[in-house]
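Student: I have a model open and would like to go through a few spots with you. Can we take them one at a time?
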Amino acid sequence: MFHTLRFETIPNEPRLTHVTMEAIAQAQPNIALVKYWGKREVDRNIPAVPSLSITLDSLWTRTKVAFDPKLRADDVSVNGRRDASQSSRVTALLDTCRRRAGVGLHAHVDSKTNFPIGAGLASSASGFAALAAATVGALAIEIDAVELSALARRASGSAARSVFGGFVEMPDALNGNVTAQPLLSATDWPLRVIIALTSEQPKPTGSSDGMRHSAETSDYYAAWVDSAGRDFMTARDAIMERNFATLAEVSEHSCLKMHAVMMSSNPPLVYWNGATIDCIHTIRRLRNDGIPAFFTVDAGPQVKAVCLPECADMVHAALQKVNGVRQLYTSNLGPGVRIMESMQ
Ligand code: PMV
């Protein structure tokens, strides 16, 4: 749980300017095995489907939030560059926290990642989970992990899941207060993830725009929403039973159904390139040959292979041979978001 963020609430703003109102948090991206695509409520960012993910270990986002009485507006930079593209979502999250803490100051938000952002490697998941944790840390807001997950969800649905480590579920909650929760720890079933980077270009259509477009134009959207609960339960049971074969089948099925919805949107959303398809075939061939590995692909062209640790070298070697694979990242499953001492 998120005990590190239990500080005393500081009563009024003049005093706050004399204390250091800053905090640094680190979060890792998560990879959905049962995918989230579509919103039931756009305003409150409520997903239309339940989802289930694994949090990574070796890729990370570190974010420092520092409130500063001298600032006239929030000042957001990502990997050393001023970033206007995300600033409305960043400011919306900061506003929620400012209101709660009764603070009117603006903040410097300085974020860095050790992987390319906006390219389908779940940088918004780690980014907004780290931002939420650093902001509540800087403002000394008392919050538990479930509430932190709901706060992160308002900015990015998948960020709600990066608050937790290991296997994480985000069930559909009819009361509308959707939050993620831990299902199984990273060490309870230590899977390995190998990510094949096939392009470093930012994705042409962001997730929120893509989801709206699919909901409005894909004939398959209703069927996707209808069948998601079944996939979620199948994957959940497979994880609890450590049944790799069933998890492989249902994860690939959920991924391909999501891409079928994307591709059947009008005009279509095609996030894949040639190397994406070659990686998918390579991983399917490995599994047909008895290697426990499966693929998943998000809103981008990168392919994530999930496998048992003893097969990781074989999966890595096979993906390395695929034309168009520019880089491979290997990761264990990792912990959830946490407060850090420094950005280093
Ligand atoms: O959290 P968002 O708004 O970036 O949407 C994430 C959507 C997918 O990555 C494609 C699927 C998922 O469940 O993570």
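Student: Is N273 buried, partly exposed or exposed?
Tutor: Keeping in mind that this is a predicted model, N273 counts as partly exposed because its relative accessible area is 26%, which falls between the 20% limit for buried and the 50% limit for exposed.

Student: And where does N273 sit in the fold?
Tutor: N273 is placed in the loop that runs between α8 (244-263) and α9 (274-288).

Student: Which residues does N273 touch, leaving out those up to four places away in sequence?
Tutor: With those neighbours set aside, N273 touches T198, S199 and P301. With T198 there is a polar contact of 3.1 Å that joins the two side chains.

Student: What about the backbone of A275, how far is its nitrogen from the side chain of N273?
Tutor: The backbone nitrogen of A275 lies 3.0 Å from a polar atom of the N273 side chain, so the side chain of N273 has a polar atom within the 3.5 Å limit for a polar contact there.

Student: Switching to the ligand, which residues come nearest to it?
Tutor: There are 14 residues around the ligand, and those that come nearest are Y36, S124, S156, S158 and R161.

Student: What are the polar distances from S124, S156 and R161 to ligand oxygen?
Tutor: For R161, a polar side-chain atom lies 2.7 Å from an oxygen atom of the ligand, while for S156 the corresponding distance from a polar side-chain atom to a ligand oxygen is 2.9 Å. For S124, an N or O atom in the side chain is 3.2 Å from an oxygen atom of the ligand.

Student: Now pockets: what is the volume of the second largest one?
Tutor: The second largest pocket has a volume of about 260 Å³. Its lining is made up of 15 residues, of which T96, E147, A150, L151 and R154 are the closest to the centre. The elements that contribute two or more residues to that lining are α2 (87-101) and α4 (145-155), and α4 provides the largest share, with six residues.

Student: How does that lining split by class?
Tutor: The lining of the second largest pocket has seven nonpolar, five charged and three polar residues.

Student: Last one, is A133 buried or exposed?
Tutor: A133 counts as buried, because its relative accessibility is 0%. This residue lies in helix α3 (residues 123-138), and although A133 and V65 are 68 residues apart in sequence, their C-alpha atoms are 9.4 Å apart in space.

Technical notes:
Residues numbered from 1 in each chain as written. Predicted model: local features only at pLDDT ≥ 70, side-chain atom pairs only at ≥ 80, totals over all residues. Heavy atoms only, no water. Helix = DSSP H or I, 4+ residues; strand = E, 2+ residues; numbered from the N terminus. Buried < 20%, exposed > 50% of the residue type's maximum accessible area, 1.4 Å probe, protein only. Contact = heavy atoms within 4.5 Å. Polar contact = N/O pair within 3.5 Å; in protein donor to acceptor, adjacent residues only side chain to side chain. 1 Å grid on protein atoms, 1.4 Å probe; cavity = no way out; pocket = protein on both sides within 12 Å on 5 of 7 lines; lining within 4 Å. Points joined across faces, edges and corners; volume = space filled by probe spheres on them. Nonpolar A, V, L, I, M, F, W, Y, C, P; charged D, E, K, R; others polar. Near = heavy atom within 4 Å.
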